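Grab a pencil and work through these exercises with the structure open beside you. Try each task yourself before you read its solution.

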Amino acid sequence: MNESLGKPIDRVDGRLKVTGAATYAAEYQIKNLAYGAPVLSTVTKGRIKDIDIQQAEKMPGVIGVMTSENCMMLHSPSGSDPGSGKFAEKDLLPLQNDRVLYGGQYVAVVVAETAEQAEQAAAVIKITYEEQKPVVGFEANFATAYQPGSGLGGAKTQEKRGDADAAMKSAAITTNETYTTPVYSHNAMEPHATIAEWNGDKLTVYDATQSVMGVQGLLSTILGVPKENTQVYALYIGGGFGSKGFTWANTLLAPMAAKQFNRPVKIELKRQQVFSAAGRRTQTQQKIGLGAGVDGKLTSIKHDTISETSFVDEFVETAGVATSMIYSSPNVEVKHSLVRLNRGTPCPMRAPGESVGMYALEVAMDELASKLKMDPVQLRILNHSDMDEQKKKQFSSKYLKECYQRGAEAIGWSNRNVEPGTTKQGNLLVGYGVATATYPANRSASSAKATLFADGHAEILCGTQDIGTGTYTVMTQVAADAFGLPVDKVNVKLGSSSYPKGAQSGGSQVSASVGPPIRAAALGAVSKVVKIAIADPKSPLFGKKEEDIIANNGHIQLKDNANKGESFMAILSRKGMDKIEASAKTDVSTRQQQQSSPAPDGSPEAKIEAESKTNAAVQADEKTDRKDYVFHSFGAQFAKVLVDPDLGTIRVEKISSVMDIGTVMNLKTATNQIMGGILFGMGMALMEETKYDPNNGRLVTRDLAQYLVPVHADIPEIDVQFIEKPDPFISPIGARGIGEIGVTGMAAAIANAIYNATGKRVRDLPITPDKLIV
């Protein structure tokens with residue numbers, strides 16, 4: 001066996017990216033391409049009385065202007081699952097009426113021969129509005145808050161066990177504090193972009209999306225085009241962080257304009273437009289109440305969250321989603337409420353729910369430790385939950401205590417002074433902080449096709465996508481090991497809706513979802529070759545048992561005799577075959593523990609499902625009993641900070657992060673993902689904040705000159721470690737997704753370190769210097 005899995009091999013797409021050969025959505029060279037420039041509303045609420053497009057239409061290069069008065073009518077979207085296509089604002093399909101419900105809403109699109117001509121014409125369009133009074137101000141509208149039925153994917157928004165109120169009243173030690181987080185913006189390196197081209201009644205779309213399959217399904221529904229006539233490509237994506245998991249207006253407007261003006265059309269958003277019309281993390285206020293005995297054992301946990309959503313859709317930031325399972329307590333109550341504001345709709349942003357929720361809960365745990373005069377690490381170990389007490393199920397695997405122990409050693413926790421503000425490094429105050437990290441280990445049904453060629457190389461097709469996380473590389477390793485081939489002999493193709501249906505890149509699920517069918521398909525192809533060999537009198541493996549044969553370095557051979565075997569090339573060539581193919585679908589979900597709906601008869605997916613019934617790897621995977629387990633990843637975040645007591649400036653000197661994520665698929669890309677999450681958490685804690693005008697609700701923060709993110713000069717020493725123990729139940733690979741867990745707990749660890757350094761508890765993010773010197 002080649003056994004490349006886990007090794008820190010370089011990204012297989014690395015050279016393409018650094019040389020510019022990787023083609024992103026906005027970069028396709030399409031013949032006769034026209035350019036679309038969106039026109040955004042300048043009022044927060046109202047109706048459009050008049051759009052004067054005459055001057056714009058006369059400008060050089062302008063092909064036409066698309067408005068609500070002349071554009072095609074759309075069909076309502078049917079679903080809300082991002083993997084199957086989720087339009088971000090179901091009650092505001094673009095240009096379908098004259099309503100304006102937030103500032104920056106699309107109200108027209110100018111199409112021209114060049115991007116510059118389109119933008120210039122868009123700037124001269126005159127719009128007269130009938131303004132209405134908008135609902136603005138988060139805290140000002142708490143009186144209108146309501147409790148939503150459920151969150152994304154059916155997540156529960158209200159959880160309860162025991163009697164948290166009664167237990168809180170009788171608790172020896174309590175904390176009751178309020179924590180706030182602002183609106184955060186994703187700011188992926190690649191802004192949203194779409195190119196659409198019609199060829200008769202067939203549509204081809206190049207889109208910056210986290211779900212090629214979801215976009216295909218959504219475009220088919222909303223535009224009324226048969227799915228088989230809709231092709232979506234997303235070969236390379238420059239980050240998404242959740243914002244490209246939903247589908248936004250640009251993805252619909254490009255094919256609408258292309259149809260209307262009979263030209264391929266590209267719409268590429270400017271950074272300012274991404275802020276207003278492509279999602280964000282919602283603002284929250286979280287009240288955390290903790291009750292404990294004098295020994296530190298939790299007796300009551302209360303987590304009450306208010307967040308905001310739009311008037312055109314409902315998104316719930318389930319900040320309390322982890323609270324019911326992360327610590328042991330007989331009495332827990334979690335509530336979520338929503339306030340509707342005239343803003344664009346929020347959406348998932350890297351670790352939605354857990355990122356902001358674990359910030360509040362973990363700072364509250366630090367405050368409880370201070371009251372108890374107990375070490376914060378010991379408090380967490382004392383309240384370690386051995387099972388999910390809300391669901392009353394065991395974790396598939398959990399090594400969180402080891403994460404605490406290794407992280408504390410790595411950060412130098414023994415140097416931490418219990419008394420805040422007493423440790424100095426020169427004239428700077430030194431502080432240490434800790435927080436728990438967690439995120440669900442999701443897995444969903446996915447399919448793949450494997451082809452083994454007679455020349456000795458292999459190919460994998462899967463309709464998932466690589467959003468910059470290393471999916472191409474990791475899946476190449478999975479396939480190479482299953483084929484018994486070197487990594488450089490395997491070509492993994494992703495990002496096309498014509499491939500077998502793969503998982504959406506969201507919810508940290510791609511590795512766990514598409515890895516098993518890719519493995520199974522590759523093993524299926526090898527099995528077909530083995531069957532040919534053992535039935536062929538000319539083969540040295542003639543008459544041998546399949547279970548006694550393994551694939552290794554382009555050959556099949558006996559397990560106990562490497563000299564007894566032959567190459568794939570020899571076997572296929574002897575039979576006059578240029579290739580052999582196998583497909584597989586693994587129908588496994590860690591969320592509902594239920595199978596997906598069967599594919600339509602005669603469809604490519606139906607054929608894959610039929611072949612999977614005879615695939616031994618698929619059958620063994622699907623027969624694994626998972627119903628008694630819940631699937632989560634865990635980790636411990638440790639931070640060391642230096643604070644200038646006079647200026648309030650904060651320097652994160654070191655981060656130690658220890659993660660329990662099952663099998664490490666690739667040490668290099670895994671470390672890269674956790675480091676990225678750490679920097680996300682640093683920005684969340686110290687600098688990021690999207691602001692709105694309190695008078696009219698319009699965006700104030702609209703670009704990276706105003707919205708601060710960590711840069712190279714901010715980066716501390718980062719130590720990332722992994723427990724490296726496979727999850728025995730999630731899949732044969734044993735890996736859980738890690739794209740999001742690195743964010744969770746990071747803001748809290750930094751906030752707790754700042755308190756340890758200064759003795760000042762700041763509960764409102766971001767923690768900026770002015771909040772430390774008042």
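Before we start, one cut-off: a residue is buried under 20% relative accessible area, exposed over 50%, and partly exposed in between. Also keep in mind that this is a predicted model.

**Exercise 1. Sorting by accessibility**

Task: Decide whether N553, K373 and Y102 are buried, exposed or partly exposed.

Solution:
- Step 1. Take N553, which has 46% relative accessibility and therefore counts as partly exposed.
- Step 2. Now K373: its relative accessible area is 75%, so this residue is exposed.
- Step 3. Last comes Y102, which is buried, with a relative accessible area of 3%.

**Exercise 2. Unusual backbone angles**

Task: Work out what stands out in the backbone at N553, K373 and the bond between L765 and P766.

Solution:
- Step 1. Start from the usual picture: most residues other than glycine have a negative phi, and most peptide bonds are trans.
- Step 2. Check N553: phi is near 55°, a positive value in a residue that isn't glycine. You'll find N553 in the loop between β23 (549-552) and β24 (555-558).
- Step 3. Do the same for K373, another non-glycine residue with a positive phi, about 55°. Its place is the loop between α9 (354-372) and α10 (376-382).
- Step 4. Look at the peptide bond joining L765 and P766: with omega at about -5°, this one is cis. P766 sits in the loop between α18 (746-758) and α19 (770-773).

**Exercise 3. Who surrounds Y102?**

Task: Find where Y102 lies and which residues it contacts beyond its neighbours within four places in sequence.

Solution:
- Step 1. Locate Y102: it belongs to the loop between β4 (99-100) and β5.
- Step 2. Leave out the neighbours within four places in sequence, then list the contacts of Y102: S41, V43, T44, E89, L92, S276, N342, R343 and G344.
- Step 3. Compare with A408, which is 306 residues from Y102 along the chain; the two C-alpha atoms are separated by 47 Å.

**Exercise 4. Pairing up strands**

Task: For strands β3 and β15, find which strands they pair with and in what sense.

Solution:
- Step 1. Begin with β3 (residues 62-66), where 4 of the 5 residues are buried, so the strand is largely enclosed by the rest of the structure.
- Step 2. Find the partner of β3: strand β5 (residues 106-112) pairs with it over 4 bridges, in the antiparallel sense. One place to look is M66, whose bridge partner in β5 is V109.
- Step 3. Move to β15 (residues 332-340). Here 7 of the 9 residues are buried, so β15 is also largely enclosed by the rest of the structure.
- Step 4. Strand β7 (residues 159-161) runs antiparallel to β15, joined by 3 bridges, and K160 stands opposite E333.
- Step 5. Strand β14 (residues 298-309) pairs with β15 in the parallel sense, over 9 bridges. There, I301 stands opposite V332.

**Exercise 5. Stepping back**

Task: Describe the chain as a whole: how many helices and strands does it have, and how compact is it?

Solution:
- Step 1. Count the elements: 19 helices and 30 strands.
- Step 2. Check the radius of gyration. It is 27 Å, close to the 28 Å from the globule rule for 774 residues, so the chain is as compact as a globular protein of that length.
- Step 3. Look at burial: 61% of the 774 residues are buried.
- Step 4. Finish with the contacts that have a separation of 6 or more: residues 24 or more positions apart account for 81% of them.

Conventions
Residues numbered from 1 in each chain as written. Predicted model: local features only at pLDDT ≥ 70, side-chain atom pairs only at ≥ 80, totals over all residues. Heavy atoms only, no water. Helix = DSSP H or I, 4+ residues; strand = E, 2+ residues; numbered from the N terminus. Rg over C-alpha atoms; globule rule 2.2 N^0.38 Å. Buried < 20%, exposed > 50% of the residue type's maximum accessible area, 1.4 Å probe, protein only. Contact = heavy atoms within 4.5 Å. Pairing = 2+ DSSP bridges.
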